[in-house]
Amino acid sequence: MTAEPKVEEILHVVLADPDVAAQWAAGRLVKAPDVVQGFTGLEPLLSASTPWKAPAARPAEPAVKRGRTPSPDMQERAGRARRERVGAARAELAEAETERLEAGLAAARETADTAAAALAAADEGVREARARLETARAASAEAAARSREAAGAAAEAQARQQKAARNVEKVTSPDG
């Protein structure tokens with residue numbers, strides 16, 4: 001049974017049984033009371049003019065007033081047990097924090113390794129790009145030199161062609 005229906009049952013019994021209600025109000029209900037079916041017998045007792053009041057709650061008595069004075073030995077054992085529980089809880093927290101930090105460190109190292117590999121690849125890419133650039137510059141300079149040579153050769157060839165055309169004209173002309 002889940003907690004919610006069990007609580008519902010307890011509250012039902014508290015409303016139906018004044019003795020259980022008194023224990024509930026005093027904070028001394030140590031176990032779930034027996035289930036009561038309905039509120040039989042209460043209808044004639046309650047009238048519209050007199051509202052039902054819960055019995056006054058009695059404050060819980062301290063252990064000393066109930067006749068249970070803890071011995072110094074019991075107090076020492078309880079204190080030792082409490083310190084051990086606190087120490088164990090602190091150790092558990094420290095271990096969990098250490099594990100969390102180690103996991104974070106491992107993740108940071110993995111990120112750093114990945115970044116270093118990416119940087120190395122980028123550096124290699126830059127070196128390759130610089131080498132291609134130098135090759136392209138050299139090829140461009142060589143092509144420019146060849147272009148100038150070709151332009152000079154073309155100008156020379158054009159000049160020879162024009163000279164040859166004039167010579168042909170002189171030879172073939174009727175006046176010549």
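This is a short walk through the helices, salt bridges and surface patches of one protein chain.

Before anything else, note that the model is predicted. I will start with the overall layout. The protein chain has 3 helices and 0 strands. Read from the N terminus, the order of elements is α-α-α. Of the 176 residues in the chain, 5% are buried. So please keep that figure in mind when we come to individual residues.

Next, helix α2, which covers residues 18–26. What caps its N-terminal end? That is D17, with a side-chain oxygen 3.0 Å from the backbone nitrogen of D19. At the other side, α2 is followed by G27, and the phi of G27 is positive, near 75 degrees. Within the helix, the buried residues are V20, A21 and A26.

W24 also lies in α2. Is W24 buried, partly exposed or exposed? It counts as partly exposed, because its relative accessibility is 42%, and the buried class requires under 20%. W24 belongs to a nonpolar surface patch together with V7 and L11. The accessible area of those three residues together is about 270 Å².

Now to helix α3, which spans residues 72–172. Most of what I have to show on charges concerns this helix, so let me take the salt bridges one at a time.The count for the model is 8 salt bridges.

One of them joins R127 and E124, whose side chains meet at 3.0 Å, N to O. Why are these two separated by about one helical turn? Because they are 3 residues apart in helix α3. E124 is partly exposed, since its relative accessible area is 35%.

Another salt bridge is formed by R137 and E134, and here the closest N and O atoms are 3.5 Å apart. R137 and E134 are 3 residues apart in α3, which means a separation of about one helical turn. On accessibility, R137 counts as exposed because it reaches 51%, and the exposed class begins over 50%. E134 has a relative accessible area of 47%, so E134 is partly exposed.

E156 and R160 make a further salt bridge, at 3.7 Å from N to O. Both residues lie in α3, and they are 4 residues apart, about one turn of the helix. R160 is at 53% relative accessibility and therefore counts as exposed.

There is also a salt-bridge network, and it links E76, R80 and R83.

The last item is a charged patch. Which residues gather in the patch of negative charge on the surface? They are E92, E95, E99 and E102. One of these, E95, is found in helix α3. E95 counts as partly exposed because its relative accessibility is 48%.

To recap: the chain runs α-α-α, and α2 has D17 as its N-terminal cap. W24 of α2 shares a nonpolar surface patch with V7 and L11. In α3, the pair R127 and E124 and the pair R137 and E134 are each separated by about one helical turn. The negative surface patch is made up of E92, E95, E99 and E102. That is what I have for today.

Conventions
Residues are numbered from 1 along each chain as its sequence is written. This is a predicted model: local features need pLDDT of at least 70, side-chain atom pairs count only at pLDDT 80 or more; totals for chains, interfaces and linings use all residues. Side-chain values use heavy atoms; hydrogens and water are left out. Patches are made of residues with over 30% relative accessible area and no salt bridge: like charges are joined within 9 Å, nonpolar side chains (Val, Leu, Ile, Met, Phe, Trp, Tyr) within 5 Å. Accessible areas come from the Shrake-Rupley method with a 1.4 Å probe; for residues, only the protein chains shown count as cover. A salt bridge is a side-chain nitrogen of Lys or Arg within 4 Å of a carboxyl oxygen of Asp or Glu. Lys and Arg count as positive and Asp and Glu as negative; His and the chain ends are not counted. The place of a charge is taken as NZ of Lys, CZ of Arg, CG of Asp or CD of Glu. Buried means under 20% relative accessible area, exposed over 50%, partly exposed in between (1.4 Å probe, protein chains only). A polar contact is a pair of N or O atoms within 3.5 Å; within protein, one must be able to donate a hydrogen and the other to accept it, and residues adjacent in sequence count only if both atoms are side-chain atoms.
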